[in-house]
Amino acid sequence: MIIEYRVLGPLEVLVDDIAVPVPAGRCRLLLATLLLRPNRNVSVDELIDRLWDSEPPSPDRAHKSLHMVVMRLRQALGDANCVRHVRGGYLAEVEPSQLDLLRFRELASACDFAAAVGLWRGPMLSDVASDALHQHDVPPVTEEWLHALERRIGADLATGRAGELVAELRSLTRQHPFREKFWGQLMLAFAQSGQQAQALFAYEQLRALLADELGVDPGDELKAVHQQVLSGSAGVSGPVPRQLPSATPRFVGRAAELRRLTELVGSDALTIAVITGTAGIGKTTLAVHWARGVADRFPDGQLYVNLRGFDHHREPVAAGDVLTRFLEALGVAAERIPVDLEARSAMYRSLVADRRIVVLLDNARDVEHVRPLLPGPCPSLVLITSRSHLTGLIVSEGAQHLALDVLTPGEAHALLVSRVGAVRADDADKLIRWCGGLPLALAIVAARAVQAPGLPLPALVAELADERTRLDTLDTGDAATSVRAVFQWSYQQLSPAAARMFRLAGVHPGPDITVPAAASLAGVSTAEARECVRELVRASLLTEHVAGRFTCHDLLRVYAADRSSEEGTAEVRTAAIERAFDHYLHTLMVVDAAHHQRFRMIEDVPTPASGTVAEILEDRDAIKAWIHAESAVLRAVIAQSDELGWHRHTWQLVWFIFDVIDSSSPWLDWLWIFARARGAASRLGERQYVARLLYLEGMALGRVGRFQECRELLEQSDHAYAEIGDVPGRVRAQTNRAWSFMMMGQAHEALQAAEGALELQRGDAGSTGPLIGLVIHQMVEALVVMGKFELAYERCLEWETANSGGATPYLAGLQTQATANVLVKLRRYDEAVETAHRSLDLLGQIGSAGDLAHSHLLLGDAHHGLGDQEEARHWWSKTLAAFEYHQNPRAEDIRAKLAALG
């Protein structure tokens, strides 16, 4: 069902092109009022004032009457009802495609003034009776239409259609006799069609009218047009080049980019704008569309050249050849054009010095390619497109830079619909996904769908889904419009080192890469990698989407892999993958060795492949920032290492990443890695590590509140440790099994499990003391829940005495945290605050995010007990932030505590 609302003429509502009758009177006025303020809350008072033309009945009666009008309107609209009640008023909820006013504004902002003006069916809202509406609401919209109409006529004048415009402009000057812009355009239309006398007569008509009616003279702009007519420069006295290519007939999207470009135009100084982006991103399409939209502001013509800076088959067009073309277009005879490049450039600058022209330099290779083609100081516009960044122009010539990215999902969908017609949402989403929002790829897919109507879109989706056939699917047989070919134009310009880096980027598993990771991937120094990455960025084959992190379009990644297969060997690719895997594995090992103290050693420390560069992370904040930035990459690395059968890397990556995630990253994103790791370790016969990975997975499930699954895996871990005779492993598994009982609200079962772990520990002659601390910690937690606070405190003291001077900072932190918990329950709040702070100091560098959050919670509880509401709020808020970030199920309890504070 397609619903349309129209206000740019008589009020109309259409459902599938069938008119919906809107009752006359206040119903029609209410709908018009809301539609003129689309998706905006309009207060009841404003609506009453408008519906009763500032003479409303009594407040009670007015509100009831308005409610009745709303009910009648909703019933009349039926399926087309867009009236929504909001707090204090009503609004018309409409999509941009449903309301002609919104479509008009979108088209005008995109400089498509012909299409925008074409929506006007005026006079506006002629069938809605309301003095207030036509005095206050209609005039501003009418002004928008008149401005768009002026721009459309200006564009027509700039394209040499003066003769066709005379009749229209005569009519407009009669309808709007004091609108000087129309009079100036009428004078230009007369002059450019050879009717100079009529142009001067029109000026005299307006001058007399303004003097008689308003007592003023024509404005400066009209006087300037008058001078042009008098001097003969307003007519077509010399060549006025019109070289811009035809615009794309169904241009969609890029509204923000068009607005930004339009903001550049307006001064009398030379404006230089540079549009950059990767191949197929739509630079030329955007540039041509926008240049044609602003052409009316540059009446002295438009110059255009495709510089072929990245053409695969032909050399770039030399600046001297371009200057010859431009000079000829500006009326210089061939025999007068100098041979010397500098002389040609000087003649060109002289010719355009006083002109307002558009110069579109398309597909420039580098700064030196375009510098001879820049005019000198003049009121002109130079628009340059390039795959290179052209930084030199930005620095030395003050060029404005617009980096073009892929289409948004909404824009990509609109492009498909504009070319193909209605598309099933699921098919459209998949096509957009596999094309990566690249306009060229989407246009090719749309063309294939149109040219082969018997080919169902799901078949195209299937072709695109397969990386092996994706680029073939996007091959048109034309080097200028095939995705592989246009990528090749950029690739062939690279240095050998950068080309090798680009090829290897195709085998890197992650969505983006850092310079150190690129160095490992290529087996080169960090300095060499940085230079290669910079070159790829300059060529728009990589993008620095976040500071220090580089990515490329999905189709470019496929093309890079394609080049790697064609130009490299399997051995080269395998070596690069190994270095990449080792980069992340050994970075994690460095982090673990420097910043953690909990059971992460492995017996046979692997040696990194030659050329691997591990990153050094200085402190906890650096680790947190690194894991946040690398999370998607690390998940991709683990998945790829498992898929490729690199079992050692798979389980060791998971082994060393646990504590990093536990302190810095939400666990829900990572749970799947354990099954991969356990399978890999099992295939290598690493029974001890399989048992440990079962334990780690159980702990991870507990972190996200899946306590039943957590307990079951810890039991499996206990059995696995028992099979290999690892008592400390069993103690850890049973201790945390006690913790899972605690989190399930089963304190007695938790205490029994902890006591069993304690007996197991004491019965092992070879085991050491530190694990006892973990067991007693769980016993204390259980005793607290059971209300046995004094006994829990005694356990804390025993633990402290038994481990005096011998506990690790982590175990000491847990001990002080447990003591703080008991002190809160005993209402010894001052001691609890001091003890909780001590636990924070001990856990600050090595504890998990959950450990730290628990200490924050205890500080909030202790301060609340002391009656210090603000301190309690501070610590509970920190707890809530951590629980929400890590998806901890106890977050709701903390929200309740904060809510109770008021």
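Here are two short exercises, with worked solutions, on a helix and a sheet in this predicted model.

**Exercise 1: helix α17**

Work out which face of α17 is buried, and check how its length compares with what you'd expect.

*Solution.*
- Start with the length: α17 covers residues 409-420, which makes 12 residues. From first C-alpha to last it reaches 16 Å, close to the 16 Å expected at 1.5 Å a residue.
- Next, pick out the residues under 20% relative accessible area. In α17 these buried residues are E411, A412, L415 and L416.
- Now look down the axis of α17: the buried residues sit within an arc of 140 degrees, so they line one face of the helix.
- The spacing fits a general rule: an α-helix has 3.6 residues a turn, so residues three or four places apart point the same way.
- Flip to the face turned away from the buried side, and you'll find the exposed residues P409 and G410.
- Finally, step past the end: G421 follows α17, and its phi is positive, near 100 degrees.

**Exercise 2: the β4-β6-β5 sheet**

Lay out the sheet, decide which strands are at its edges, and place α3 against it.

*Solution.*
- Write down the order first: 3 strands, β4-β6-β5, form an open sheet with antiparallel pairing.
- Read off the edges: β4 (42-43) and β5 (83-86) each have a single partner strand, so one side of each is left without a neighbour in the sheet.
- Check one pairing: β4 is joined to β6 (residues 89-92) by 2 bridges, and the two run antiparallel. V42 has Y90 in β6 as its bridge partner.
- Last, add the helix: α3 (residues 59-77) lies across β5 and β6, running at about 145 degrees to β5.

Definitions and conventions: Residues numbered from 1 in each chain as written. Predicted model: local features only at pLDDT ≥ 70, side-chain atom pairs only at ≥ 80, totals over all residues. Heavy atoms only, no water. Helix = DSSP H or I, 4+ residues; strand = E, 2+ residues; numbered from the N terminus. Expected span 1.5 Å × (residues − 1). Buried < 20%, exposed > 50% of the residue type's maximum accessible area, 1.4 Å probe, protein only. Arc of directions from axis to C-beta. Pairing = 2+ DSSP bridges. Contact = heavy atoms within 4.5 Å. Axes fitted to C-alpha atoms, helices over the stretch in contact; angles between N-to-C directions.
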